[in-house]
Amino acid sequence: MRAEFPGFRLGSVLATSFTGTLSERRGDSLERIPTPERLVEWLAVSGLAVDSCTTAQLELAWELREAIHAAATAAATQDALPAAAVRIINDRSTDGRAAAVLTPEGERRWRLSSASRVEDALGVIAADAIGIISGERDGKLALCASPTCQAAFFDTSQSRTRRWCDMNTCGNRQKKARFIANQRKKTGSASQGE
């Protein structure tokens, strides 16, 4: 019987979606790609299908994920980029051999050099991270306002004032907590007035 894993939190930006495979970084962290097979599944739903993944390749993926998170966090807070994170992102970017291809529908897809080469998929993710961290893409890196999450995300909203990495999870949780706190205040005020 297959173990149940938490669902993926997929966004529209590949690199920050990848960093979201480890969520609740400041709380009870939740690993969404704990096995090589799970990384294969995440890559497939992200348009980077590979046939297989080894434990060593999963470790490369985790290392890249943490490097992207560290660099994106530094960029979001306008701090210097960590040299080790930059080196890892650059290494993964140059290790990959993927090519952008145009579909008949006019969309960009990635063609990996081999159906089982995780390094090619990681190269695509690293290149996407380079694009957002360097400021080449239209948007702004930000950190989730949830005190337990603090995920880096790429804000492409018109006002660039988005507060949550994902409104359906972190944003909803914060709204619910605020609602409950307000209800308690109302209940406390009503009982004091008696």
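**Pockets and the E3–E4 hairpin**

In this predicted model, 18 residues line the largest pocket, and those nearest its centre are Ser12, Leu14, Ser46, Arg108 and Trp110. Two or more lining residues come from each of helix H1 (14-19), helix H2 (36-45), E4 and helix H5 (118-133). The greatest contribution is that of H5, which supplies four residues. The volume of the largest pocket is about 410 Å³, and its lining comprises eight nonpolar, six polar and four charged residues.

Strand E4 (residues 108-112), one of the contributors to this lining, runs antiparallel to strand E3 (residues 98-102), and the two are joined by five bridges. Arginine 108, listed among the residues nearest the centre of the largest pocket, is the bridge partner in E4 of leucine 102. The two strands form a hairpin in which five residues lie between E3 and E4. Within the turn, glycine 106 adopts a positive phi of about 85 degrees.

The second largest pocket has a volume of about 280 Å³. Its lining also consists of 18 residues, with Arg9, Gly11, Ser17, Arg162 and Cys165 closest to the centre. Helix H1, strand E1 (22-23) and strand E6 (152-155) are the elements that each provide two or more residues to this lining; E6 accounts for the largest share, three residues. Classification of the lining of the second largest pocket gives nine nonpolar, six polar and three charged residues. Helix H1 thus appears among the contributing elements of the largest pocket and among those of the second largest pocket.

Note on methods
Residues numbered from 1 in each chain as written. Predicted model: local features only at pLDDT ≥ 70, side-chain atom pairs only at ≥ 80, totals over all residues. Heavy atoms only, no water. Pairing = 2+ DSSP bridges. 1 Å grid on protein atoms, 1.4 Å probe; cavity = no way out; pocket = protein on both sides within 12 Å on 5 of 7 lines; lining within 4 Å. Points joined across faces, edges and corners; volume = space filled by probe spheres on them. Nonpolar A, V, L, I, M, F, W, Y, C, P; charged D, E, K, R; others polar.
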